[in-house]
Structure formats: C-alpha cells, structure tokens
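Biologist: I've got a chain open in the viewer and I'd like to talk it through. Where shall we start?

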Amino acid sequence: MRGVELQPDAFSYNAGISACEKGKQWQRAVALLSEMCEADLDPDVIFSYSAGLRACEKGEQWQRALALLGEMRGASLQPDAFSYDAGIGACGVGGQWQRAWVLLCEMREAALELSVITPTALGSAPARRARSGSGLWRCSARCARRTWSPT
C-alpha cells in the first residue's frame with residue numbers, strides 16, 4: 001500500500017468541512033469547500049455548503065456566509081432551510097438584521113418552512129443587542145413564529 005497516492009473524494013472533503021465547522025475554523029472550512037470545487041467534485045447543499053455556512057456563522061463571518069449562499073445559487077444549488085438558518089444566524093451575530101430579514105423573505109419565496117432553529121437565529125442575543133433595529137429583531141422573530149410553523 002505504500003506509494004499509493006490517495007485522492008480525497010466528496011465524502012472526505014465534507015468530513016473535513018464539518019470538522020472545521022465544529023472546531024470553529026471557518027477559514028479552513030471555506031478553503032476546503034473551494035478545494036472541493038477545484039478538484040471537480042460537486043459540493044452538495046447539506047454536507048458541503050451548510051457546514052461551510054455554519055462555520056461562517058460560528059466565526060461571525062456574515063459577509064462570507066452571504067457569499068457562500070450566492071455561490072450555491074451560482075452552482076444551481078437551492079439553499080435549504082438549514083442553509084438559510086446559518087446565513088440568518090451569521091447575519092444576526094454580525095448585527096445585520098436587514099440582511100437576515102432579506103434571507104427570511106427569500107426562504108418564504110422558496111416555499112421553505114422554518115426549521116426549529118430559524119426563530120432562534122432571528123432572535124439571537126447579539127442581534128437583539130445591535131443598536132439599530134433591535135426592536136425589529138424581536139418583532140421579526142415573533143412574526144416568523146406566527147407566519148410559519150416550525151417543522
């Protein structure tokens with residue numbers, strides 16, 4: 001077996017991205033996602049992009065999270081509710097309530113149901129502390145709970 005060069009497959013990359021997300025290594029998660037694309041492997045919504053988005057959320061990188069959502073669309077992948085949750089959460093942590101609200105509206109337009117996480121992402125403590133619009137965060141979270149029933 002020595003001398004055999006192994007090439008990572010999509011499963012290997014996804015495991016690495018997920019490990020980086022859990023280890024709060026958003027830069028490495030995003031780098032692995034890029035490498036995966038360069039290696040002509042097809043990232044998927046659940047295991048590749050959503051894990052990358054969660055890593056960005058944990059790393060408080062709302063701009064990068066929004067860029068990943070854009071990359072998904074560019075690759076003809078439809079973000080799922082968990083992808084949107086991570087994007088909303090990243091925007092919430094970054095105090096970007098207007099952008100989070102846009103993502104929530106996109107979710108609704110895509111006929112995606114809220115997950116049990118979405119209202120929490122909307123009403124996250126850092127987002128509520130944001131100077132501008134803090135009352136809107138609470139209103140948005142209440143509105144989201146009434147508009148959709150969590151799955």
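Modeller: Let's fix one term before anything else: buried means under 20% relative accessible area, exposed means over 50%, and partly exposed is in between. Keep in mind, too, that this is a predicted model.

Biologist: Fine. What does the secondary structure of the chain come to?

Modeller: Reading along the sequence gives the pattern α-α-α-α-α-α-α-α-α. Strands come to zero, and the helices to nine.

Biologist: And what percentage of the 151 residues is buried?

Modeller: Here the cut-off matters, since a residue has to fall under 20% relative accessible area to count. Of the 151 residues in the chain, the buried share is 41%.

Biologist: Let's go helix by helix. Which residues of α1 are buried?

Modeller: α1 has 13 residues and reaches 18 Å from its first C-alpha to its last, close to the expected 18 Å. Its buried residues are Tyr13, Asn14, Gly16, Ile17, Cys20 and Glu21.

Biologist: Why do those buried residues of α1 sit on the same side?

Modeller: An α-helix has 3.6 residues a turn, so residues three or four places apart point the same way. On the other side of α1, Phe11 and Lys22 are exposed. The buried residues are on the same side of α1 because they cover an arc of only 160° around the axis.

Biologist: Which helices are included in what covers the buried residues of α1?

Modeller: Just after α1, Lys24 takes a positive phi of about 55°. As for the cover over the buried residues of α1, it includes α2 and α3.

Biologist: What about a record for this stretch: which residues does UniProt give for the feature "repeat: PPR"?

Modeller: The end C-alpha atoms of the span lie 10 Å apart, and it is 74% helix and 0% strand. The entry is unreviewed, and UniProt places "repeat: PPR" at residues 9-43.

Biologist: Moving on to α3, is Ser48 buried or exposed?

Modeller: Ser48 is found in helix α3, residues 45-58. Leaving out residues up to four places away in sequence, Ser48 touches Asn14, Ile17, Leu33, Met36 and Pro43. Its relative accessibility is 0%, so Ser48 counts as buried.

Biologist: Ser50 lies in α3 as well. How far apart in space are Ser50 and Phe82, C-alpha to C-alpha?

Modeller: Ser50 is buried, with a relative accessible area of 1%. Beyond four places in sequence, Ser50 is in contact with Val45, Asp80, Phe82 and Ser83. Ser50 and Phe82 are 32 residues apart in sequence, yet their C-alpha atoms are separated in space by 6.6 Å.

Biologist: Now α4. What arc do its buried residues cover around the axis?

Modeller: The end C-alpha atoms of α4 are 18 Å apart, which agrees with the 18 Å its 13 residues should span. Trp62, Ala65, Leu68, Leu69 and Met72 are its buried residues. They are on the same side of α4 because the arc they cover is only 115°.

Biologist: Which helices are included in what covers that buried set of α4?

Modeller: Just after α4, Ser76 takes a positive phi of about 60°. The cover over the buried residues of α4 includes α2, α3, α5 and α6.

Biologist: And α6: which of its residues are buried?

Modeller: α6 runs over residues 97-109 and is followed by Ala111, whose phi is positive, near 60°. The buried residues of α6 are Trp97, Ala100, Leu103, Leu104 and Met107. Seen down the axis of α6, these fall within an arc of 115°, so they line one face of the helix.

Biologist: Which residues touch the most other members of the largest nonpolar core?

Modeller: In soluble globular proteins, nonpolar side chains tend to be buried together. Leu53, for one, touches Ala65, Leu68, Leu69, Met72, Ser83 and Ala86, not counting residues up to four places away in sequence. The core has 31 residues, and those touching the most other members are Ile17, Leu53, Leu68, Met72, Ile88, Leu103 and Met107.

Biologist: Last one: how many disulfides does the structure hold?

Modeller: At 12% relative accessibility, Cys20 counts as buried. Cys105 counts as partly exposed, at 33%. The number of disulfides in the structure is zero.

Notes. Residues are numbered from 1 along each chain as its sequence is written. This is a predicted model: local features need pLDDT of at least 70, side-chain atom pairs count only at pLDDT 80 or more; totals for chains, interfaces and linings use all residues. Side-chain values use heavy atoms; hydrogens and water are left out. Helices (H or I, at least four residues) and strands (E, at least two) are DSSP runs, numbered from the N terminus. The expected span of a helix is 1.5 Å times one less than its number of residues. Buried means under 20% relative accessible area, exposed over 50%, partly exposed in between (1.4 Å probe, protein chains only). The arc is that of the directions from the helix axis to the C-beta atoms. A disulfide is a pair of cysteine sulfur atoms within 2.5 Å. Contact means heavy atoms within 4.5 Å. A nonpolar core is a set of buried Ala, Val, Leu, Ile, Met, Phe, Trp, Tyr and Cys residues joined through side-chain atoms within 4.5 Å. UniProt positions are given in the numbering used here, feature names are shortened, and annotations may be inferred rather than shown by experiment.
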